[in-house]
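Let's work through a few exercises together, with the model open beside you. Try each task yourself before you read the solution.

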Amino acid sequence: MTELGIYLHVPFCTMRCDYCAFVTYTGLDELHQRYVDAACAQLRADQARVGRAATSLYLGGGTPSKLTPTQVAQLVEAATLVEGAEVSMECNPEDVTVERLEGYVSAGVTRCSFGIQSTAPHVLKSLGRRHGTGALSDVAHAAAQVGLTSWSIDLIYGAVGERPEDFDRCLDEVLSLELPPPHLSAYALTVEPGTPLAKKVALHPDDDVQADRYEVLTRRLTDADYEFEEISNWSKPGHHCRHHRTYWSGGDYLGIGAGAHGHLDGHRFWNLADPQGYITAIERGSSPIEGEEHLDPATRRFELASLMLRTSMGIPPSWLDADPVLDGLLEHHGERVLLSPRGRMLANVVAQHLVV
Ligand code: SF4
């Protein structure tokens, strides 16, 4: 089956986190229903144009869990999906109750990703997150209650003020849950230009500290039988994210909603980022596409190699030159070469040696 993903962006948040550079807006709650209607209209039109059922639908944000289960059901119903398609949804922990999660699962959601970030109160505070430290056990409990077997948590490491023992304890709490998350994403805190964090130089993370955290993370997750999936993603067998694999293997995906990006066979396109502008375009019957580009074959090959290099798929050894600087950064697995644990921290250096 040829994979086709649908990425649907929900650009609403209750408040803006200092480090966030995503397309998202606060204070637009009154737009939610018109936005859902507009996204459904774009989704139906775009899918009719490509004429293919989707293998995954991913509701990302922003905060998709600001939408009601009824609105999520409306979005899922607008998509034409293959039998057994993955329907993923990002949720903020503070929105999660058993009833609400049950509503999302009834709407067709098969996989949730919860933005836990940390279990240390002072780290959450420095990240500007609102949820409490009980969020991890609450979402794990809710997922078990509603029978959600595939779910994930996001962690952020390396914030100023996070001590080694805070990160260790956070991993202890995750891994000692009665039912630990079958999938885990962990990202080094990055300073994105234009964010409030960019202006707070004293809160900028330290590269060496982040490298130390990554080493701990890799060791702890490997010891707990998580499989390496991508530089920032690990999963238990059978719980990888199908939608992300479509991205990482250069596959096709539609981009639905304000600021969403899509890709079809080397053609990349993206929508208007302003939700009001996006809704107005759809309501007037005009295209919400703001820009597009066609990737030439060389660029496409390089981008695909750079993406695959970061994953457990790896790349053929012939796609890299034989520079001694790569010693220790690679592991050979049969016909493929993968980043070693140390190489994962220096993926950009390795990518400079691609010869595709
Ligand atoms: S909740 Fe997520 S999308 Fe919203 S502002 Fe915070 S980091 Fe950004």
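**Exercise 1. Place S318 in the model and decide whether it is buried or exposed.**

Step 1. Locate the residue: S318 sits in the loop that joins α11 (297-309) to β15 (330-333). Helices here are DSSP runs of H or I with at least four residues, strands are runs of E with at least two, and both are numbered from the N terminus.

Step 2. Keep two ground rules in mind. Residue numbers start from 1 along each chain as its sequence is written. The model is predicted, so local features need pLDDT of at least 70 and side-chain atom pairs count only at pLDDT 80 or more, while totals for chains, interfaces and linings use all residues.

Step 3. Count neighbours. A residue is buried if 20 or more other C-beta atoms (placed from the backbone) lie within 10 Å of its own, exposed if 12 or fewer, and partly exposed in between. S318 has 9 other C-beta atoms within 10 Å, so S318 is exposed.

Step 4. Add a distance: 31 Å separate the C-alpha atoms of S318 and D212, which are 106 residues apart along the chain.

**Exercise 2. Describe the overall build of the protein, and compare its radius of gyration with that of a compact globule.**

Step 1. Count the elements: the protein has 13 helices and 16 strands.

Step 2. Take the dimensions. Along the principal axes, the C-alpha trace spans about 60 × 50 × 40 Å.

Step 3. Apply the globule rule, which is 2.2 Å times the number of residues to the power 0.38, with the radius of gyration taken over C-alpha atoms. For 356 residues a compact globule would come out near 21 Å, and the protein, at 20 Å, agrees.

Step 4. Look inside: 42% of the 356 residues count as buried.

**Exercise 3. Find the domains and work out which elements of domain 1 touch domain 2.**

Step 1. Set the bounds, which come from an automatic or database domain assignment: domain 1 covers 4-247 and domain 2 covers 298-351.

Step 2. Measure between centres: taken over C-alpha atoms, they are 27 Å apart.

Step 3. List the contact, where two residues count if their C-beta atoms, placed from the backbone, lie within 7 Å. Domain 1 gives 8 residues and domain 2 gives 7 residues.

Step 4. Assign the domain 1 side to elements. Those that give two or more residues are α8 (207-223) and β9 (227-230), with the largest share, 4 residues, from β9.

**Exercise 4. Which residues of α10 are buried, and why do they line one face of the helix?**

Step 1. Go to α10 (residues 275-283), where P275, Y278, I279, A281 and I282 are buried.

Step 2. Look down the axis and take the directions from the axis to the C-beta atoms. The buried residues of α10 fall within an arc of 160°, so they line one face.

Step 3. See what covers them: the cover includes β3 (25-26), α1 (32-50) and β13 (267-271).

Step 4. Follow the chain onward. After α10 comes G285, which has a positive phi near 80°.

**Exercise 5. Repeat the analysis for α3 and say what its buried residues pack against.**

Step 1. In α3 (residues 98-106), the buried residues are L101, Y104 and V105. They cover an arc of only 100° around the axis, which puts them on the same side of α3.

Step 2. Turn to the face away from that buried side, where E99 and S106 are exposed.

Step 3. Identify the packing partners of the buried residues: α2 (69-78), β5 (81-91) and α5 (135-145).

Step 4. Check the residue just after α3: G108 takes a positive phi of about 115°.

**Exercise 6. Inspect the backbone at G62, Q117 and D265.**

Step 1. The peptide bond from G61 to G62 is cis, with omega near 20°. G62 lies in the loop between β4 (54-61) and α2, and both G61 and G62 are among the residues around the ligand.

Step 2. Q117 is not a glycine, yet its phi is positive, about 70°. Q117 belongs to strand β6 (residues 111-117) and is buried, with 26 other C-beta atoms within 10 Å.

Step 3. D265 also has a positive phi, near 45°. D265 is in the loop between β12 (261-264) and β13, and counts as exposed with 11 C-beta neighbours inside 10 Å.

How values were computed. A residue is near a molecule or strand if its C-beta atom, placed from the backbone, lies within 6 Å of it.
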